[in-house]
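Welcome! Here is a friendly briefing on one protein model, grouped by topic so that you can follow along in the viewer.

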Amino acid sequence: MAKNFVSNQDVTIRLFKSDFLEFFTRIHFTVPLIVFGPIAAYFVYRSVATLGLSVAHTAGWYLLGLAVWTLTEYVLHRFAFHYEPPGKVGQRIHFLAHGIHHDYPMDSWRLVMPPIIALPLAAMFYSLFLLIFGTHASPLFAGFVTGYVCYDLTHYAIHHFNMHSRLWLAIKNHHMKLHFQNPERGFGVSSPLWDVIFRTNFPSKEKTKSEVEEHMA
């Protein structure tokens, strides 16, 4: 994992010579909401209208799906995105998957996952939930997908929106420390919960929010 960022400006670089391939690497931050919002809504509707689950039952499993997403986000970020395979090919794969974000953290076109990757992963998770939970997979998956959309939008907002609530600043500061100080901690993006549980949070002696924001100026 790159330990020094290349640029803190909203700049991008070309990844492929092919215009066709390059097209799929640049995604507007609203795309996950446009693609996965209707999917989440459908599975909520299906839970009640088709599967006959009560509203309360659906809501409970939906909330569980949100919780499952937060853990999945942490595990994927820590063990998949930050894993560096050996060799030049491995380094190239890592750079394309996540390393570019650490070198160009303010690149507004590469802050959310392309649907060409996200949709197959979503199908895989739904199949797994269906195998384990049966009919309850629908509301669980709806909550899981909602969590994913919130994660993508939160990640974009952290890098490009200015908000002033104490909660928002805590989330933003947590993620910026990963980028500008220590890339081996702070794997939770939308929440630091699992970093606290698994002890990958930043020590209290780490730089304060104002110090981290100075790196972004």
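Which residues does Phe141 touch, not counting residues up to four places away in sequence? Phe141 touches Ile39, Phe43, Ala122, Tyr126 and Phe129. Keep in mind that this is a predicted model. The protein has 217 residues, and 42% of them count as buried.

**The overall layout**

- The secondary structure consists of nine helices and zero strands.
- Going along the sequence, you will therefore meet the pattern α-α-α-α-α-α-α-α-α, with helices taken as DSSP runs of at least four residues.
- Take the contacts between residues at least 6 apart in sequence: 71% of them join residues at least 24 apart.
- About 11800 Å² of the protein is exposed, and carbon and sulfur atoms supply 67% of that area.

**The nonpolar cores**

- In soluble globular proteins, nonpolar side chains tend to be buried together.
- In this model, the largest nonpolar core has 27 residues.
- Phe36, Phe129, Phe141, Tyr148, Tyr151 and Ile158 are the residues with the most contacts inside this core.
- Two or more residues of this core come from each of helix H2 (31-50), helix H3 (55-81), helix H5 (115-133), helix H6 (137-160) and helix H7 (166-180).
- Helix H6 gives the most to this core, with eleven residues.
- There is also a second, separate core of five residues, and Leu178, Phe187, Trp194 and Phe202 are among them.

**Aromatic rings that pair up**

- The count of aromatic pairs comes to 20.
- One of these pairs is Trp69 with Tyr148, an edge-to-face pair with 5.6 Å from centre to centre and 80° between the planes.
- Trp69 lies in helix H3 and Tyr148 in helix H6, so this pair ties together parts that are 79 residues apart in sequence.
- Are these two residues buried or exposed? Trp69 has 6% relative accessibility and counts as buried, because the cut-off for buried is under 20%. Tyr148 counts as buried too, at 8% relative accessibility.
- Trp194 and Phe198 have ring centres 5.8 Å apart and planes at 25°, so this pair is stacked.
- Phe198 counts as partly exposed, at 41% relative accessibility.
- Ring pairs also link Phe36, Trp61, Trp69, Phe125, Phe129, Phe133, Phe144, Tyr148 and Tyr151 into a cluster.

**A closer look at Tyr151**

- You can find Tyr151 in helix H6.
- With a relative accessible area of 12%, Tyr151 is buried.
- Which residues does Tyr151 contact, leaving aside its neighbours within four places in sequence? They are Trp69, Glu73, Phe81, Val189 and Ser190.
- Tyr151 and Ser191 are 40 residues apart along the chain, and their C-alpha atoms are separated by 8.9 Å.

**A nonpolar patch on the surface**

- Some nonpolar residues are found on the surface: Phe20, Leu21, Phe23, Phe24, Ile116, Ile117, Leu121 and Met124 form a patch there.
- Together, these residues have about 790 Å² of accessible area.
- Helix H1 (19-23) and helix H5 are the elements that give two or more residues to the nonpolar patch.
- The largest share of the patch comes from helix H5, which gives four residues.
- Leu121 is one of the patch residues, and its place is in helix H5.
- Leu121 has a relative accessible area of 31%, so it is partly exposed, a class that runs from 20% to 50%.

**The salt bridge**

- How many salt bridges does the structure hold? The structure holds one salt bridge.
- Arg26 forms a salt bridge with Glu22, and their closest N and O atoms are 3.1 Å apart.
- Arg26 counts as partly exposed at 33% relative accessibility, whereas Glu22 counts as buried at 4%.

**A backbone angle to look up**

- Arg199 is found in the loop between helix H8 (193-197) and helix H9 (209-216).
- Phi of Arg199 is near 60°, which is a positive value in a residue other than glycine.
- Arg199 counts as exposed, because its relative accessibility of 74% is over the 50% cut-off.

Conventions. Residues are numbered from 1 along each chain as its sequence is written. This is a predicted model: local features need pLDDT of at least 70, side-chain atom pairs count only at pLDDT 80 or more; totals for chains, interfaces and linings use all residues. Side-chain values use heavy atoms; hydrogens and water are left out. A nonpolar core is a set of buried Ala, Val, Leu, Ile, Met, Phe, Trp, Tyr and Cys residues joined through side-chain atoms within 4.5 Å. Buried means under 20% relative accessible area, exposed over 50%, partly exposed in between (1.4 Å probe, protein chains only). Contact means heavy atoms within 4.5 Å. Rings of Phe, Tyr and Trp (its six-membered ring) pair if their centres lie within 6.5 Å; planes under 30 degrees apart count as stacked, over 60 as edge-to-face and the rest as tilted. Patches are made of residues with over 30% relative accessible area and no salt bridge: like charges are joined within 9 Å, nonpolar side chains (Val, Leu, Ile, Met, Phe, Trp, Tyr) within 5 Å. Accessible areas come from the Shrake-Rupley method with a 1.4 Å probe; for residues, only the protein chains shown count as cover. A salt bridge is a side-chain nitrogen of Lys or Arg within 4 Å of a carboxyl oxygen of Asp or Glu.
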